[in-house]
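Please look over the sequence and the structure shown below before reading on. The briefing that follows goes through some of the contacts and surroundings of single residues, topic by topic.

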Amino acid sequence: TTDNIKAISLIKKEKDIDKVQSMLSNYVSVLNSHDITDIIAKMPLKKRTKLLVKYKKYIPSYEICTFIVKKLDTNARLDALKELQHELDLYEIYKILENISPDRRRDALEIILDRVDSYEISEIIQEYIPFSERKEALFSHEDLLDSISKAAVITKLPIADMLESLEKYKTELTKTNIMEIIEKIPSAKLYDALCMIADRLSNVQIANLIIYNIPESQRRKTLLDNAEKLESALISDIIKYSLSYEEQKKVIIELKDKLDKKHIAEIVQYYLKDDKDVIEELKDKMYEEDIQYFENKIVG
């Protein structure tokens with residue numbers, strides 16, 4: 001209306017801050033939200049958040065969000081987030097988080113904890129908290145995070161922090177959680193990780209990691225370290241499918257007391273049948289008929 005236009009014109013022409021505030025208070029009910037935020041944006045920075053809070057009922061949430069992002073600095077954004085978070089939806093809160101300087105985002109997370117659940121806290125840590133600060137954010141909010149959320153955060157940590165966190169939470173993470181984390185660990189660090197969490201995995205999972213994931217140079221060592229957790233058939237599979245010929249010769253002797261006679265004969269038959277020294281070493285762990293068969297093959 002004409003009166004509205006006149007009111008807006010008068011307010012915008014006024015230079016005295018106190019008078020502008022008084023006029024805004026008198027005319028706010030006849031102004032549209034854009035005019036209100038435009039007037040507030042002309043005020044000194046230290047007054048903007050207070051006025052935004054005062055007149056929040058006249059301003060839609062998306063305009064509140066836009067004002068916070070475009071018209072406030074980081075400190076003021078944090079203050080506004082504290083005062084206005086319940087006027088905003090989660091998407092708008094995330095938009096503000098994006099525009100808070102990275103070194104203050106943990107402060108922002110502290111402010112909005114009542115607005116977010118376990119999944120959302122995990123998502124914020126992964127997407128908005130700086131890489132180097134994620135472990136501390138995880139540790140700080142561990143009581144609010146379920147095992148799935150913890151696992152998701154751990155997969156997005158620097159490798160040293162990932163290993164530390166894996167060890168810290170291994171008793172509450174499920175086997176599935178642990179395997180999701182293991183998949184993100186560089187192969188060079190898998191041995192260290194497996195040493196930490198082997199007692200939380202099934203014997204089949206351990207065997208598969210040794211065969212398919214552990215670097216070749218560390219497989220023998222990893223197998224020897226975990227042999228007590230593995231049954232004969234799995235030890236046999238690891239020896240057959242993941243070790244070099246020289247390592248097979250050593251390991252079958254080193255672990256002969258963990259292997260049953262059937263699996264020893266099988267390994268020798270397909271991989272070591274021409275190695276007289278190995279067969280001699282294993283005589284006390286083979287059936288007599290198998291010993292005779294291998295000796296005859298060598299002689300023959």
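## Briefing on side-chain contacts

Tyrosine 55 is buried, because its relative accessible area is 4%, where buried means under 20% relative accessible area, exposed means over 50%, and partly exposed lies in between, using a 1.4 Å probe and protein chains only. The model is a predicted one, in which local features need pLDDT of at least 70 and side-chain atom pairs count only at pLDDT 80 or more, while totals for chains, interfaces and linings use all residues. Residues are numbered from 1 along each chain as its sequence is written, and side-chain values use heavy atoms, with hydrogens and water left out.

**Aromatic rings**

- The structure holds 4 aromatic pairs, and rings of Phe, Tyr and Trp (its six-membered ring) are paired if their centres lie within 6.5 Å, with planes under 30 degrees apart counting as stacked, over 60 as edge-to-face and the rest as tilted.
- One of these pairs is made by tyrosine 55 and tyrosine 58, which counts as tilted because the ring planes stand at 50°, with the ring centres 6.5 Å apart.
- Tyrosine 58 has a relative accessible area of 30% and is therefore partly exposed, whereas tyrosine 55 is buried.
- Phenylalanine 139 and tyrosine 169 form an edge-to-face pair, because their planes stand at 70°, and their ring centres are 5.9 Å apart.
- This pair links distant parts of the chain, since phenylalanine 139 belongs to helix 10 (residues 134–140) and tyrosine 169 to helix 12 (residues 159–169), 30 residues apart; helices (H or I, at least four residues) are DSSP runs numbered from the N terminus.
- Phenylalanine 139 and tyrosine 169 are both buried.

**Charges over rings**

- The charged end of lysine 150 sits over the ring of tyrosine 169, at 5.3 Å from the ring centre, where a charge sits over a ring if NZ of Lys or CZ of Arg is within 6 Å of the ring centre and within 35 degrees of the ring normal.
- The ring of phenylalanine 139 likewise has a charged end over it, that of lysine 168, which lies 5.0 Å from the ring centre.

**Salt bridges**

- The count comes to 18 salt bridges, each being a side-chain nitrogen of Lys or Arg within 4 Å of a carboxyl oxygen of Asp or Glu.
- Aspartate 38 and lysine 42 form one of them, with the closest N and O atoms 3.0 Å apart.
- Within that pair, aspartate 38 is partly exposed at a relative accessible area of 22%, while lysine 42 is exposed at 58%.
- Lysine 56 and glutamate 87 meet through their side chains in another salt bridge, at 3.4 Å from N to O.
- Lysine 56 lies in the loop between helix 4 (45–54) and helix 5 (61–71), and glutamate 87 in the loop between helix 6 (74–84) and helix 7 (90–98), so this salt bridge ties together parts that are 31 residues apart in sequence.
- Lysine 56 is partly exposed, with a relative accessible area of 29%, and glutamate 87 is partly exposed as well, with a value of 33%.
- Lysine 135 forms a salt bridge with aspartate 161, in which the closest N and O atoms are 3.7 Å apart.
- That pair links distant parts of the chain, with lysine 135 in helix 10 and aspartate 161 in helix 12, 26 residues apart.
- Lysine 135 counts as buried because its relative accessibility is 13%, and aspartate 161 is buried too, with a relative accessible area of 14%.
- Lys135, Glu136, Asp161 and Glu164 are joined into one network by salt bridges that share partners.

**Cysteines**

- The count of disulfides comes to 0, where a disulfide is a pair of cysteine sulfur atoms within 2.5 Å.
- Cysteine 65 is buried, with a relative accessible area of 6%, whereas cysteine 195 is partly exposed, with 45%.

**Two further positions**

- Valine 116 is placed in the loop between helix 8 (105–111) and helix 9 (118–127), and counts as buried because its relative accessibility is 11%.
- The C-alpha atoms of valine 116 and lysine 150 are separated by 15 Å, and the two residues are 34 apart along the chain.
- Threonine 66 lies in helix 5 and counts as partly exposed, at 37% relative accessibility.
- From threonine 66 to lysine 297 the distance is 83 Å, C-alpha to C-alpha, with these positions 231 residues apart in sequence numbering.

Conventions
Helix = DSSP H or I, 4+ residues; strand = E, 2+ residues; numbered from the N terminus.
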